[in-house]
Amino acid sequence: MKRLFQISIIFIALVTLNSQNAFGQAQLDAETVNDLNKKGQYAIGVSDERHFKGALGMYDFLVENGVEVSDYEIVVKGKVVNDLVKGSELETFFQKYKGKVRVSVCSVAMKKRDVAADELIEGLEPVPTWSVRILQLQAKGYNTLTY
């Protein structure tokens with residue numbers, strides 16, 4: 001009986017701790033916001049739909065927490081390129097971010113995926129390669145993440 005009680009306590013503790021981590025940080029503290037405001041340029045490299053949507057969500061999260069975002073760019077490669085075409089679900093999803101978030105699409109991925117520039121969602125810009133664009137943004141001083 002004592003063993004069952006111990007296991008129950010451990011299970012409850014794990015569930016509680018994991019649920020707090022699963023939802024992430026709801027609000028940034030003032031020190032973090034101040035640190036992030038030192039440089040308002042952000043670039044995130046992604047290769048799938050989940051990370052693309054997550055990068056857009058990160059933009060919202062930063063803005064909602066008072067981070068001053070001067071430039072925000074998502075650099076895309078991989079199979080998600082097929083989902084970034086006119087008439088797609090992602091076109092509707094992206095409308096909210098037009099004019100706020102720049103999206104660059106790897107031309108190499110476009111060629112491999114047989115997607116022409118005129119098929120891309122309006123406002124998305126082809127770039128020669130994903131890797132070179134990320135390096136270029138780093139050279140310009142952007143804070144970068146890649147998935």
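This is a short talk about how one protein chain folds, told through its sheet, two of its helices and a few single residues.

Hi everyone. Before we start, please keep in mind that the model on the screen is predicted.

Let's begin with the overall plan. The protein has six helices and five strands. If you walk along the chain from the N terminus, the elements run α-α-β-α-β-α-β-α-β-α-β. The protein has 147 residues, and 33% of them count as buried. Now think about who touches whom. Among contacts between residues at least 6 apart in sequence, 72% join residues at least 24 apart. As for the outside, the protein exposes about 9,300 Å², and carbon and sulfur atoms supply 55% of that area.

Now to the sheet. In what order do the five strands stand in the sheet? The order is E4-E3-E2-E1-E5, in an open sheet with parallel pairing. The edge strands are E4, residues 125–127, and E5, residues 143–146, and each of these pairs on one side only. From one strand to the next, the twist averages 25 degrees. If you are new to sheets, here is a reminder: strands pair through backbone hydrogen bonds, either parallel or antiparallel.

Let's look at two of these pairings. E1 and E2 run parallel and are joined by six bridges. Along that pair, Gln 41 stands opposite Asp 71 in E2. On the other side, E2 and E3 pair in the parallel sense over four bridges. There you can find Ile 74 opposite Val 103 in E3, and Val 75 opposite Ser 104 in E3.

How many residues of E1 are buried? The answer is six of its six residues, so E1 is mostly covered. In a regular strand the side chains alternate between the two faces of the sheet. You can follow this in E1: Gln 41, Ala 43 and Gly 45 point one way, while Tyr 42, Ile 44 and Val 46 point the other way, and all are buried. E3 is largely enclosed by the rest of the structure, because four of its five residues are buried.

Next, helix H3, which covers residues 49–64. Here is a small check you can do yourself. At 1.5 Å a residue, these 16 residues should span 22 Å, and the end C-alpha atoms are 23 Å apart, which agrees. At the N-terminal end, Asp 48 acts as a cap: one of its side-chain oxygens lies 3.3 Å from the backbone nitrogen of Arg 50. Just after the helix, Gly 66 takes a positive phi of about 85 degrees.

Which residues of H3 are buried? They are His 51, Phe 52, Ala 55, Leu 56, Tyr 59, Asp 60 and Leu 62. It helps to recall that an α-helix has 3.6 residues a turn, so residues three or four places apart point the same way. The cover over the buried residues of H3 includes helices H2 and H4 and strands E1, E2 and E3.

Close to the end of that helix, let's stop at Asn 65, found in the loop between H3 and E2. Is Asn 65 buried or exposed? It counts as buried, because its relative accessibility is 12% and the cut-off for buried is under 20%. A polar atom of the Asn 65 side chain lies 2.9 Å from the backbone oxygen of Phe 61. Setting aside residues up to four places away in sequence, Asn 65 touches Ala 26, Gln 27, Leu 28 and Val 33.

For contrast, take Ala 30 in helix H2. At 56% relative accessibility, Ala 30 counts as exposed. Ala 30 and Asn 65 are 35 residues apart along the chain, but their C-alpha atoms are separated by 9.2 Å.

My last stop is helix H6, residues 130–139, which lies across E1, E2, E3, E4 and E5 and runs at about 160 degrees to E2. Arg 133 lies in this helix and counts as buried, because its relative accessibility is 8%. The side chain of Arg 133 makes a polar contact of 2.6 Å with the side chain of Gln 136. Leaving out neighbours within four places in sequence, Arg 133 is in contact with Glu 73, Val 75, Arg 102, Ser 104 and Val 127. You may remember Val 75 and Ser 104, which stand opposite each other in the sheet.

Thanks for listening!

Note on methods
Residues numbered from 1 in each chain as written. Predicted model: local features only at pLDDT ≥ 70, side-chain atom pairs only at ≥ 80, totals over all residues. Heavy atoms only, no water. Helix = DSSP H or I, 4+ residues; strand = E, 2+ residues; numbered from the N terminus. Expected span 1.5 Å × (residues − 1). Buried < 20%, exposed > 50% of the residue type's maximum accessible area, 1.4 Å probe, protein only. Contact = heavy atoms within 4.5 Å. Polar contact = N/O pair within 3.5 Å; in protein donor to acceptor, adjacent residues only side chain to side chain. Pairing = 2+ DSSP bridges. Axes fitted to C-alpha atoms, helices over the stretch in contact; angles between N-to-C directions. Areas by Shrake-Rupley, 256 points an atom, 1.4 Å probe, with all protein chains shown as cover.
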